[in-house]
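Open the model in your viewer and keep a selection box handy. We will move from the whole chain to single residues, one stop at a time.

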Amino acid sequence: MEWLTSLLTEHSVIQAVIVVSLVSAVGLALGKISMWGVSLGVTFVFFVGIVAGHFGLSIDPQMLNYAESFGLIIFVYALGVQVGPGFFSSLGKGGLKLNMLAMLVVLLGIVMTLGFHWTTGVSLPDMVGILSGAVTNTPALGAAQQTLKQLNDPAIQQSDLALGCAVAYPLGVIGIIGSILLMRVIFRVKFEKENEDLERQDEDRANGAQQFSVRVTNPALFGKDLMEITRLINRKFVFSRVCHEDDRIEIGSSETCLREGDKLLVVAALQDIDAITAFLGERVEVAWEQLDKQLVSRRIAITKGEVNGKMLGEMRLRNCFGVNVTRVNRAGVDLVAKPNLQLQIGDRLTVVGPEAAVTNVAKVLGNSLRRLREPNLVPIFLGIFLGILLGSIPFTFPGIPQPVKLGLAGGPLIISILIS
C-alpha cells in the first residue's frame, strides 16, 4: 500500500490530477443527495475540498495555482457564453434596472466589509475573502486575489483570502437556503396551491384563445390573400390552416389566396369569434386531425451560425416555405414562438407543414446534431486567449497609484459575452 500512499501524498503532476479528480467525483456524488427537498449540487465539491485539506491532502503550490486560475477562467468563460446571446437585448427589458440593483448590492457589501474591518480589527484582505464566501461569489475571490498580487505589498500578500472565503462559504450557502425556506414559512407558501394557480392561469389563457373552423362564403373575399383579409378585419386572430375544395391542406401564409368554399382553421379570442365568423362566412365542423395527416411535425435544431441572433420573424419561414413554428425549445424549456424571439444556436424548433417544405427549412436552419455534439474548440480557446490578453491590459486612473486590470475573471467574461 506504500505506492498508493505515495501516489496520494507525494507532490507531482499525477498526484495533483488524482487529488482534484477524487475530490470532484466525491463532491459531485454527495451533491446529488437531497435532504428535505434540497441538494447542494456542485457546491459540495467545495466542502469535500475543505475536508480533504483538513486531513492533510495537499497539492503542489504551483499546480494548485494553475488549477485555481484555469478553473476560474473556464467557469467565467462558460458563464459568459451562456448569457451572451441575450445579454444586450435584456438590457432594454428591465436588465438596466437589475444591473443597478446589483450595483447597489455590491456597494452595500463594500460598506459592510469596511464597517466590520474598522470595528473588529480583521484585516481588509481577509474581510474581502469573507465577503466573497458570504455571497458565494467565486469570481469575486479570483478578482480580489489578482488585485492583491498586483499591489506587491508583503503585508497584504501574507493575508489568505481563500481561507476567509472557505470559512464563510458554507455559512453563505446554508444562509441562502435557510432564507428561502424561512420566507416560505413566513409567507405561508404552499407549492400545491401555487401549482393549482399556474394550471388555472394556463386554462384561462386557453379559454381566451379558441380554435374554430369557418367556411368562406363572402363573395368579397374570393381571390384575396390572407394578408389583405387580415387588414380588413379589425380583430386579433391567426389563420392556422386552409383546406381547399380538393381537400388540399395549406399552412396559412400571407400570400394564400381564398376561394369560395375554402375552410379555415382560425385562432382568436373568444369575444371575437362571432364577428370574424360573420365576416368570413359560416361556422362549420372540420376533422382537422384527419386532414393534418398531409402535414408533418418535426423538431429541427439550429446549428448554422448565421441564424444565431436573428429574430424568428426575420426568418420568414411561413411566407417563404409555408410552415408554422409552434414552439421553440431552449435548454429543455419550451418558449412561445413569437416573431420577436431571438434564436440561438442549439434551439430546437417544432415545425409543422408539408414534408418537402419542412425538409427545406431543416437545410436553412442546419439541423446537424453532429455539429452540436462536436464543440467548436477554435473560438473557445481563441476567446480564452483574448480574454486573458484583455484582462492583462493595465488601465490607469487619476488618484490610483497602481494600474487597474480586469484580471482572469473580468477579461474572459467580457470576451465570452461579446463572442457568444
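Residues 24 or more positions apart account for 71% of the contacts in the chain with a separation of 6 or more, where a contact means heavy atoms within 4.5 Å. This is a predicted model, in which local features need pLDDT of at least 70 and side-chain atom pairs count only at pLDDT 80 or more, while totals for chains, interfaces and linings use all residues. Residues are numbered from 1 along each chain as its sequence is written, and side-chain values use heavy atoms, with hydrogens and water left out.

**The whole chain**

Colour by pLDDT, the predictor's confidence in each residue on a scale from 0 to 100. The chain average is 79, and 87% of the residues score at least 70. Switch to a cartoon and you have 18 helices and nine strands to browse; these are DSSP runs numbered from the N terminus, with helices being H or I of at least four residues and strands being E of at least two. Among these elements, select strand 5 (residues 281–284) for the highest mean pLDDT, 89, and helix 8 (residues 154–157) for the lowest, 54.

Now turn on the surface. About 26100 Å² is exposed, and carbon and sulfur atoms supply 64% of that; accessible areas come from the Shrake-Rupley method with a 1.4 Å probe, and for residues only the protein chains shown count as cover. Of the 420 residues, 29% are buried. Buried means under 20% relative accessible area, exposed means over 50%, and partly exposed lies in between (1.4 Å probe, protein chains only).

**Into the largest core**

Which residues touch the most other members of the largest nonpolar core? Select Leu-317, Leu-349, Val-351 and Leu-365, out of 18 residues in that core. A nonpolar core here is a set of buried Ala, Val, Leu, Ile, Met, Phe, Trp, Tyr and Cys residues joined through side-chain atoms within 4.5 Å. Add strand 7 (324–330), strand 9 (348–353) and helix 15 (355–365), the elements that give two or more residues to this core. Helix 15 supplies the largest share, five residues.

Centre on Leu-349 next. Leaving aside residues up to four places away in sequence, its contacts include Ile-302, Leu-312, Leu-317, Val-325, Val-328, Leu-343 and Leu-365, as well as the arginines Arg-298, Arg-299 and Arg-327. Apart from this core lies another one, of 17 residues, with Phe-212, Ile-233, Leu-264 and Ile-273 among them.

**A stop at Ile-300**

Ile-300 lies in strand 6 (residues 296–301). Is this residue buried or exposed? It counts as buried, at 0% relative accessibility. Show its neighbours, again not counting residues up to four places away, and you will find among them Leu-349, Val-351, Val-358, Val-361, Ala-362 and Leu-365. For a distance label, pick the C-alpha atoms of Ile-300 and Lys-363: they are separated by 9.5 Å, with their positions 63 residues apart along the chain.

**Three salt bridges**

The structure holds three salt bridges, each a side-chain nitrogen of Lys or Arg within 4 Å of a carboxyl oxygen of Asp or Glu.

- Select Arg-215 and Glu-282, whose side chains meet at 2.7 Å, N to O. Arg-215 belongs to strand 1 (residues 209–216) and Glu-282 to strand 5, so the pair ties together parts 67 residues apart in sequence. Arg-215 is partly exposed at 27% relative accessibility, and Glu-282 is partly exposed at 36%.
- Select Glu-228 and Lys-224, which pair at 3.3 Å, N to O. Glu-228 is partly exposed with a relative accessible area of 34%, and Lys-224 is partly exposed at 24%.
- Select Arg-298 and Glu-355, with their closest N and O atoms 4.0 Å apart. This pair links distant parts of the chain, strand 6 and helix 15, 57 residues apart. Arg-298 is partly exposed at 30%, and so is Glu-355 at 48%.

**Helix 6 and a surface patch**

Select helix 6 (residues 124–134) and highlight its buried residues Pro-125, Met-127, Gly-129, Ser-132 and Gly-133. Step on to Thr-136 after this helix, and check its phi, which is positive, near 50°.

For the last stop, return to the surface and select Ile-393, Phe-395, Phe-397, Val-404, Leu-406, Ile-414 and Leu-418, which make a nonpolar patch of about 560 Å². Patches are made of residues with over 30% relative accessible area and no salt bridge; like charges are joined within 9 Å, and nonpolar side chains (Val, Leu, Ile, Met, Phe, Trp, Tyr) within 5 Å. Zoom in on Leu-406, in the loop between helix 17 (377–391) and helix 18 (407–419). Leu-406 is partly exposed, with a relative accessible area of 32%.
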